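Open the model in your viewer and keep the selection tool at hand. We will go from stop to stop, and each stop says what to select.

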Amino acid sequence: MTEFHTDVFERRNFFSHEAPPRTVLAPMEGVVDAMTRSVLTALGGIDLCLTEFIRVTTQLLPEHVFYKYAPELQNDSRTNCGTPLLVQLLGSDPACLGDNAARAISLGAYGIDLNFGCPAKTVNRHDGGASLLKDPERVARAVAGVRSALPSTVSVSAKVRLGFHDKSLHREIAQAAESGGADWLTVHARTRDEGYQPPAHWEYIASMRQAVRIPVIANGECWAPDDVRRMREVSGCRHVMLGRGLLARPSLAREIRGGHELTWPESLQLLRDFYLQSLAARGESFASARLKQWLRFMSRESSSTTDTTRSSVSGTQQLAREVFDRLKKLEPIRLGDLECLSTRVNDVDELGKSLQANVVHGVT
Ligand SMILES: Cc1cc2nc3c(=O)[nH]c(=O)nc-3n(C[C@H](O)[C@H](O)[C@H](O)COP(=O)(O)O)c2cc1C
């Protein structure tokens with residue numbers, strides 16, 4: 001009996017008031033796959049991950065679909081270093097969402113998250129993602145459909161935006177998720193129409209948090225530790241979800257807990273591990289394309305206006321940036337290119353010499 005209660009507390013109270021401040025790795029379709037989750041969670045500071053959204057229409061999806069999006073199901077729904085993984089579903093039919101959620105749980109999923117934020121036109125046209133935000137009652141029904149299909153020990157959560165066209169229903173949206181039975185709510189602080197345009201409107205998260213009793217996780221536009229601090233301050237939320245910022249600055253989650261920023265050898269090691277895992281899973285052209293995608297995120301300048309933690313770019317970071325820029329131009333990037341770099345650049349002085357001599361394999 002005691003054990004049962006412990007489990008309920010662990011999963012459904014993951015974000016309870018007693019829990020320490022948590023950091024969640026944002027789901028990102030076409031970007032945050034099992035390999036990305038594996039290398040990012042290994043760096044430390046991430047408490048929970050989600051799969052990319054799995055689209056549910058009218059059918060019970062076969063098991064292989066769940067394993068494709070969540071290979072971690074074979075590992076007790078945890079990444080290699082033990083971080084739990086939620087399966088995220090996107091759909092509108094409460095019964096069908098419930099059936100698919102029950103299947104994911106039967107395969108071992110840690111919990112279920114429902115996507116009410118996807119802005120894609122094709123998804124919205126087919127009545128999924130953010131389109132349900134136009135009618136909060138539908139959010140409530142979808143959450144309730146999933147809650148009633150699952151054992152009481154596992155969590156159901158919802159990820160929403162502030163509205164579809166405008167923000168007028170933001171409080172109703174939060175209340176709908178709560179009344180449907182969500183254990184917590186993640187808010188990406190923009191409307192669907194705002195897409196990914198800065199700024200994120202963290203003050204609306206505060207308003208939603210005040211409208212419900214369930215924990216609220218704040219999300220949107222955090223690129224540096226100082227952004228996270230300000231988002232916490234403005235939203236009043238202790239728990240945060242980080243997406244693009246974690247790809248641009250992979251140590252962001254551990255930095256907000258006092259850890260150090262990724263060094264150049266660590267960055268290279270991370271990219272090499274990621275490449276090797278992607279290569280093993282999907283072959284060279286996939287691994288090369290995904291590595292370039294990640295390098296593009298990494299070379300993005302911080303959009304933060306108050307990034308006091310990075311007031312000057314260090315010489316090492318500058319060198320790293322130059323190498324990454326060269327790497328991005330390779331077609332495809334081969335394992336040898338990374339091996340060549342790793343043997344040369346464990347020492348920053350060596351890296352400097354390598355760059356000056358233009359000896360990054362295959363690039364001039
Ligand atoms: C390429 C991309 C794919 C995304 N895919 C998903 C998804 O599958 N499910 C979801 O709930 N949100 C998805 N999002 C939204 C992110 O989870 C997050 O809410 C958004 O990027 C804002 O957070 P950030 O500023 O920290 O990146 C995606 C965002 C991007 C940029």
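**Stop 1: the ligand and Arg-244.** Select the ligand and the side chain of Arg-244. An N or O atom of that side chain is 2.7 Å from an oxygen atom of the ligand. Now add a surface. On its own, the ligand has 620 Å² of accessible area, and the protein covers 89% of it. Bear in mind that this model is predicted.

**Stop 2: the pocket and its shell.** Zoom out a little. The ligand sits in the largest pocket. Show the residues around the ligand: there are 18. The closest are Pro-27, Glu-29, Asn-219, Glu-221 and Arg-244. Color the shell by class. You should find seven nonpolar, six polar and five charged residues.

**Stop 3: two further side chains at the ligand.** Select Gln-88. An N or O atom in the Gln-88 side chain is 2.8 Å from a nitrogen atom of the ligand. Next, select His-188. Here a polar side-chain atom lies 3.5 Å from an oxygen atom of the ligand.

**Stop 4: Asp-127.** Leave the ligand and select Asp-127. Where does Asp-127 lie? Asp-127 is in the loop between α5 and α6. Check the backbone: Asp-127 is not a glycine, yet its phi is positive, about 65°. Then add Arg-138 to the selection. Asp-127 and Arg-138 form a salt bridge, and their closest N and O atoms are 2.6 Å apart. The pair links distant parts of the chain, eleven residues apart. Arg-138 is in helix α6 (136-149), while the Asp-127 loop starts after α5 (121-125). Across the whole structure, a search finds 20 salt bridges.

**Stop 5: Pro-198 and Pro-199.** Select both prolines and look at the bond between them. Is the peptide bond from Pro-198 to Pro-199 cis or trans? This bond is cis, with omega near 5°. Pro-199 is found in the loop between β7 (184-188) and α8 (202-211).

**Stop 6: Glu-331 and Pro-332.** Finish with this pair. The peptide bond from Glu-331 to Pro-332 is cis, with omega near -10°. Show the neighboring helices to place Pro-332: its loop runs between α14 (315-328) and α15 (335-345).

Terms used: Residues numbered from 1 in each chain as written. Predicted model: local features only at pLDDT ≥ 70, side-chain atom pairs only at ≥ 80, totals over all residues. Heavy atoms only, no water. Near = heavy atom within 4 Å. Polar contact = N/O pair within 3.5 Å; in protein donor to acceptor, adjacent residues only side chain to side chain. Areas by Shrake-Rupley, 256 points an atom, 1.4 Å probe, with all protein chains shown as cover. 1 Å grid on protein atoms, 1.4 Å probe; cavity = no way out; pocket = protein on both sides within 12 Å on 5 of 7 lines; lining within 4 Å. Sits in = over half its atoms within 2 Å of the grid points. Nonpolar A, V, L, I, M, F, W, Y, C, P; charged D, E, K, R; others polar. Salt bridge = Lys/Arg side-chain N within 4 Å of Asp/Glu carboxyl O. Helix = DSSP H or I, 4+ residues; strand = E, 2+ residues; numbered from the N terminus.
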